[in-house]
Every structure is written in structure tokens, then in C-alpha cells.
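These are my notes from a session spent looking up a few places in one structure. I kept each entry to what I could read off there.

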Amino acid sequence: MLDPRRATDALSSRVNRLIYQQLIDFNEASEPIADLADWQQISADHYRFTLRKNVVFHHGKPLTSEDILATYQSILDTDFGSPHRGTLSHIKKIEAINPTQVDFILSKADALFVGRLTLGILPADLINQQHNFAAKPIGSGQAYFVSLNEQRLVLQRADQVELHFVVVKDPMVRVLKLQKGELDCVQNDLSPELVNYCTTQAELKVDWQKGTNYSYIGFNLDDPWLSQPQLRQAIAHGLDRQLVIDAMFQGQARLAGGLLPPEHWAGHPDLTGWNYNPDKARDLLKAIERPSAAKATPIRLSFKTSSDPTRIRLATLYQAQLKPLGIDLQVQSYDWGTFYNDIVQGRFQLFSLAWVGIKSPDIFQYVFSSDAIPPKGANRGRYRNSLADELIKRAGRTQDLGQQAELYRQLQTHLQATLPIMPLWFENQYAVMRKNLQGYQLFADGRLDSLLTVVKKV
């Protein structure tokens, strides 16, 4: 989706960063920093942004405050239907003061507001003409749009180098194309075995970078079994996460506790999740309330996952680790659409997913608040907890970021204790590439920015 006002998936966001520029970016601690514009907080509900450089759109028009105004007004337009409208709906008024300055007036104070302004800026003249940016994107970024079809997206850098994003559905075919030189780089999207194989190939190289994608196991707290904290705790104690990391990812992941990575400004560096303790898990299972007919039988639970081979293998590892404890995990794999729809609709007992590239701590309201149960949010496990709700609300009302960070750390500690989801790990980012590709840099959030400067030696 090449219209940033409509894009919600990680890949679209990463590609759109190359085509468009945004008001705000983030540093390594996920703190907002200026990109197109510096900002000044005039009051608790009044922000002024000033363009910090002369920028020209790809169709030749200079980028001004009118373009910022038009972009965000279109996002707030209910008829347009942007999925980002919800997080920006408290914008009361936007006013272009002069060609380089624009004011945002809010209906309520929001300490996280600046970090919400990360969508690419579009030209106002084309917005007014109802231009189809998804079919022909026109931004002010360092990459120009050339063409798009079902198999290939082509962008061009200012130095005339073309970037081809090619659809190759089979992972083994991706590796074969890398070996033949038909592809220059694959970032993620290979099985651990294929990555290991690539490290042995003379013409290929593999680079790694610490990642922030958060993998977890979700529980349905409306389920009679999983509503019991002892069962969730037994599962958390019964899974040897480090063993899985070593076996599946060759150590290329780190244990997760809080949803935010420890280097995040609101992260909790002391949380690493529940420790592996099978004896404790067995003791906890003795306290489980069982139907009389199930007293002497294993606890049978359904575990849903996607049809991705790596995710299925992970599920079978969980199955093997829990079986000796008396938990019979029934693994069910589905195509992505069916699997994801089941999760949103609450048709599951356990499942596994990941949150990708989290920057703003308001993710907690979206995922754990009692009033964020789908379709109102992503509280897919139906978690309802008064203390969690109170901490989320207090953090949202607090204007001091230091105090806000402390509240979010308290919340993450509470979430680890109550286990609405089970933290697994942060998987590392990796790229497999031809050895003649030089200057390709990996980022913790998986962004593709280095494609704007990478060099291919002949």
C-alpha cells in the first residue's frame, strides 16, 4: 500500500519511507526526533512545527505547510477512511501560519502527540485532485516511483540506480535466485536452516542486527481453562524459551519480558519473562480446577498458528516441552487470512504472533485495555484488569515523560505477573546478500533506508 494514509503493515511502511518524507522520525530509544520539521510545544494542547529544510516533491512542487495541512486533514476526513484517524482524532484544528509553519491544536493534552506524526507528507494539489497515490505515489523522499504490478515494484534513486522489489513466494527459490545473482538481497523471510545454508555459500554473506519484533503466545482469557492464572503460569514455567532460541534461531534472539524492548525510553530492562521451571509448572497444574471426567487425563488445549513452516516447528517444540507436564497441545495451522481472522474473532485458546516495530507506548492501550477488545482494538485475549486499566489511563494523562515511563514500567511488571500474554523473545533482524553488495545496513526495526545508499560492485 503506497499511500501512507492507508498503509498499516510493516512492509508498506518501510517502502513508503523511501518515497515520502515525514515530519517526525525516531532515534534508537524510540524518542521522537525532527525529520522534516522541528517542533515547539506552546501549551499542553498546542504544537507548532517549522520546516527545517527546503524540500521539493517529485512532481516539482515545493513542500510547504499547506501540504502538511492537506495530508493530515485528509487523514481526519471520515469519508476518506484512513485507519490512522483513530490515533489522531483528538486533533481539534490544524492551521498553516505561513509557508514554513503549521500549528496543531488538540482537544486534550497528549504527551505522545509528536510521535504520532510519522506519516509521509503528500502534495496538497494532488490530494485536492483526488490523485491515486496507491497506484502512482508522489512524495518528496529520495526514491522516485517508476512502476508497480503484481510481481514487481520499481523505484529509482536520485543517482538513477533502480530498486526492484520482487515477489518470490518460495523461500528456497529466493536462495537459488540469490546464488544466481537474480536477487541481490533478502531481508528476513527465510527459515533458520536456509540462513545457515547461506552462510556456507562463497558468493553470499549474512549480516545480523539486534531486533525489536516482539514474539508472544496469546491466551483466550474467556476460556474456562486459560482463565485460570495457574494454568497460564504453568505454561510460562514449562517452556524453555532459551532452548528454543538456541535450537531454532542459533541464539539470534533475546528473551522478552515487557512488550517494549529494554532500550526503549519506556522499556523495562529488568524484565525477561518467566523462568523455565518444570517442577514449579507441575505444582501449579495440581491447583487447576478440572471437570470430574478429566481428573486423570492431560489438559488438552488448541494452539493456532500460521502455515509458515518455521512457526509450525516452533509450535511443535512448545508441544513437546509441555507434554511431559500433562498439557496436550493440539497444533492447528491455517493460511494467514483464516488464522488471523480466527484470532481477531476470539476463536482460539492459544496462538502465537508478533508485534513489529513498536515505537509508541500507547500500544498498551490498544492491546491490553478492557475497552480495546476487537473490533475496538487488539485486546484479542479479552484481558480485563482494573489495575492495568488504571495504569494505562494514568500514563495517558501524564505530561511528564519521565513519570510516564515509570508508569509504563509498572504496567509491564503487572502484565508479566498477570500473564494476559506470554512474552517469548525479540527476534534479530538479518539480511542475506550477494558479497558484491556493499554498505547495506540493518536496523533494529527492519527499515530499508540503507537501500538509498547501498552500492553494488561489478
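**Entry 1: an acidic side chain.** I began with the side chain of Asp445, which makes a polar contact with the side chain of Arg447 at 2.9 Å, and I then found a polar contact between the side chain of Asp445 and that of Lys359, also listed at 2.9 Å. I note here that I am reading a predicted model, and that the distances are computed from it. Asp445 is found in the loop between strand E17 (437-438) and strand E18 (455-456). Is Asp445 buried or exposed? Its relative accessible area is 15%, and because the cut-off for buried is under 20%, I entered Asp445 as buried. Leaving out residues up to four places away in sequence, I listed what Asp445 touches as Arg14, Thr212, Gly357, Lys359 and Gln429. I also looked up Glu28, which is 417 residues from Asp445 along the chain, and found their C-alpha atoms separated by 9.3 Å.

**Entry 2: a four-stranded sheet.** Next I traced an open sheet of four strands, whose order is E3-E4-E6-E5 and whose pairing is antiparallel. Its edge strands are E3 (37-43) and E5 (91-98), each of which pairs on one side only. On average, and with direction ignored, neighbouring strands of this sheet are turned by 20 degrees against each other. E3 is joined to E4 by a hairpin through two residues, and the two strands pair in the antiparallel sense over six bridges; within this pair I noted Tyr47 in E4 as the bridge partner of Gln41. At the other edge, E5 and E6 (residues 101-106) run antiparallel and are joined by six bridges, with Glu95 standing opposite Asp103 in E6. Which helix lies across this sheet's strands E4, E5 and E6? I found helix H2 (residues 65-76) there, running at about 165 degrees to E5.

**Entry 3: buried sides of two helices.** I then turned to helix H9 (residues 278-285), in which Ala281, Leu284 and Leu285 are buried. They cover an arc of only 100 degrees around the axis, which means that they sit on the same side of H9. Among the elements that cover these buried residues I listed helix H7 (229-238), strand E13 (299-306) and strand E14 (327-334). For helix H6 (residues 192-199) I recorded Pro192, Leu194, Val195 and Cys198 as the buried residues. Seen down the axis, these fall within an arc of 160 degrees, so they line one face of H6. The cover over them includes helix H5 (171-180), strand E11 (204-219), helix H8 (241-249), helix H10 (309-322) and strand E16 (421-434).

**Entry 4: nonpolar cores.** My last look-up started from a general expectation, that in soluble globular proteins nonpolar side chains tend to be buried together. The largest nonpolar core here has 67 residues, and those touching the most other members are Leu231, Ile235, Leu301 and Phe364. I followed Leu231 outward and, leaving aside its neighbours within four places in sequence, found it in contact with Trp225, Leu226, Leu285, Ile288, Ile299, Leu301 and Ile327. Apart from this core lies another, of 26 residues, which includes Tyr20, Ala70, Phe133 and Met433.

Key: Residues are numbered from 1 along each chain as its sequence is written. This is a predicted model: local features need pLDDT of at least 70, side-chain atom pairs count only at pLDDT 80 or more; totals for chains, interfaces and linings use all residues. Side-chain values use heavy atoms; hydrogens and water are left out. Buried means under 20% relative accessible area, exposed over 50%, partly exposed in between (1.4 Å probe, protein chains only). The arc is that of the directions from the helix axis to the C-beta atoms. Contact means heavy atoms within 4.5 Å. A polar contact is a pair of N or O atoms within 3.5 Å; within protein, one must be able to donate a hydrogen and the other to accept it, and residues adjacent in sequence count only if both atoms are side-chain atoms. Two strands pair if DSSP finds at least two bridges between them. Axes are lines fitted to C-alpha atoms, for helices over the stretch in contact, and angles run from 0 to 180 degrees between N-to-C directions. A nonpolar core is a set of buried Ala, Val, Leu, Ile, Met, Phe, Trp, Tyr and Cys residues joined through side-chain atoms within 4.5 Å.
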